[in-house]
Amino acid sequence: MTQTILGFDFGTKSIGVAVGQSVTGCANPLTSLKARDGIPNWDDIADLVKQWQPDAFVVGLPLNMDGTMQDVSFGAKKFANRLQHRFQKPAHLQDERLTTVDARAEIFSRGGSKALSKDKVDGISACLIIESWFEAQY
């Protein structure tokens, strides 16, 4: 069964969003949403849910390199819980260590330092979160 997944690169000031399909195991960046202390405009997320009709959500869980939680980890967990309750769809957490570094490297390889906008990095990070979740599932 093909699943559509909305993925989120959670941050306190911005949240990257991507969409992925389980049939391909790939994802595409959608947007970067502004957030205030980790709280987005929920209407913007509702619009994305309506448009993409996801089967589930995947939220990147920022961890320290030794696997321990950091302050923003708790915000990401809270965000995932809110997604699940608001939209009545499962929300999964995915270790996102190094996704921002990988996203920057990918964008830089395509367009140099001028291509490294925050929005692009957040969107590519959300793609990498979805794709790593797919890899862990299959």
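Before you click on anything, one definition: a residue is buried under 20% relative accessible area, exposed over 50% and partly exposed in between, with a 1.4 Å probe and protein chains only. This is a predicted model, in which local features need pLDDT of at least 70 and side-chain atom pairs count only at pLDDT 80 or more, while totals for chains, interfaces and linings use all residues. Residues are numbered from 1 along each chain as its sequence is written, and side-chain values use heavy atoms, with hydrogens and water left out.

**Stop 1: the whole chain**

Show the cartoon. You should find four helices and six strands, in the order β-β-β-β-α-β-α-β-α-α from the N terminus. Helices (H or I, at least four residues) and strands (E, at least two) are DSSP runs, numbered from the N terminus. Of the 138 residues in the chain, 44% are buried. Now switch on the surface: its accessible area is about 7,600 Å², and carbon and sulfur atoms own 50% of that. The areas come from the Shrake-Rupley method with a 1.4 Å probe; for residues, only the protein chains shown count as cover.

Contact here means heavy atoms within 4.5 Å. Among contacts in the chain with a separation of 6 or more, 61% are between residues 24 or more positions apart.

**Stop 2: strand β1**

Select residues 4-9, which make up β1. Six of the six residues of this strand are buried, so β1 is largely enclosed by the rest of the structure. Look along it: T4, L6 and F8 point one way, I5, G7 and D9 the other.

Who are the partners? Two strands pair if DSSP finds at least two bridges between them. With β2 (14-21), β1 pairs in the antiparallel sense over six bridges, and the two form a hairpin with four residues between them. Check T4, which stands opposite Q21 in β2. With β5 (56-61), β1 runs parallel, joined by four bridges. There, F8 stands opposite V59.

**Stop 3: the largest core**

In soluble globular proteins, nonpolar side chains tend to be buried together. A nonpolar core is a set of buried Ala, Val, Leu, Ile, Met, Phe, Trp, Tyr and Cys residues joined through side-chain atoms within 4.5 Å. The largest one here has 22 residues, and L6, F8, I45, F57, V59, F79 and L83 have the most contacts inside it. At least two residues each come from β1, β2, β3, α1 (42-52), β5 and α2 (71-87). Which element gives the largest share of this core? That is α2, with five residues.

Centre on F79 next. Skipping residues up to four places away in sequence, F79 touches F8, F10, I15, P40, W42, I45 and V59. A second, separate core has eleven residues, including I5, A56, A126 and F134.

Keep the rings in view: F8, F10, W42, F57, F79 and F87 form one aromatic cluster. Rings of Phe, Tyr and Trp (its six-membered ring) pair if their centres lie within 6.5 Å; planes under 30 degrees apart count as stacked, over 60 as edge-to-face and the rest as tilted.

**Stop 4: A56**

Move to A56, in strand β5. At 1% relative accessibility, A56 is buried. Its contacts, leaving out residues up to four places away, are T4, I5, L6, P90 and H92. For a distance to check in the viewer, try A56 to F87: they are 31 residues apart along the chain, with C-alpha atoms 9.4 Å from each other.

**Stop 5: W133, F134 and S22**

The whole structure has six aromatic pairs. Select W133 and F134: the ring centres are 5.8 Å apart and the planes at 50°, so this pair is tilted. W133 is buried at 6% relative accessible area, and F134 is buried at 3%.

From F134, hop to S22, in the loop between β2 and β3 (26-36). Is S22 buried or exposed? Buried, at 13% relative accessibility. Beyond its neighbours within four places in sequence, S22 contacts M1, T2, Q3, F134 and Y138.

**Stop 6: two loops with positive phi**

Finish with D37, in the loop between β3 and β4 (39-40). Phi of D37 is near 55°, a positive value in a residue other than glycine, and D37 is exposed at 69% relative accessible area. Then try Q53, in the loop between α1 and β5. Its phi is near 45°, again positive in a residue other than glycine, and Q53 is exposed at 51%.
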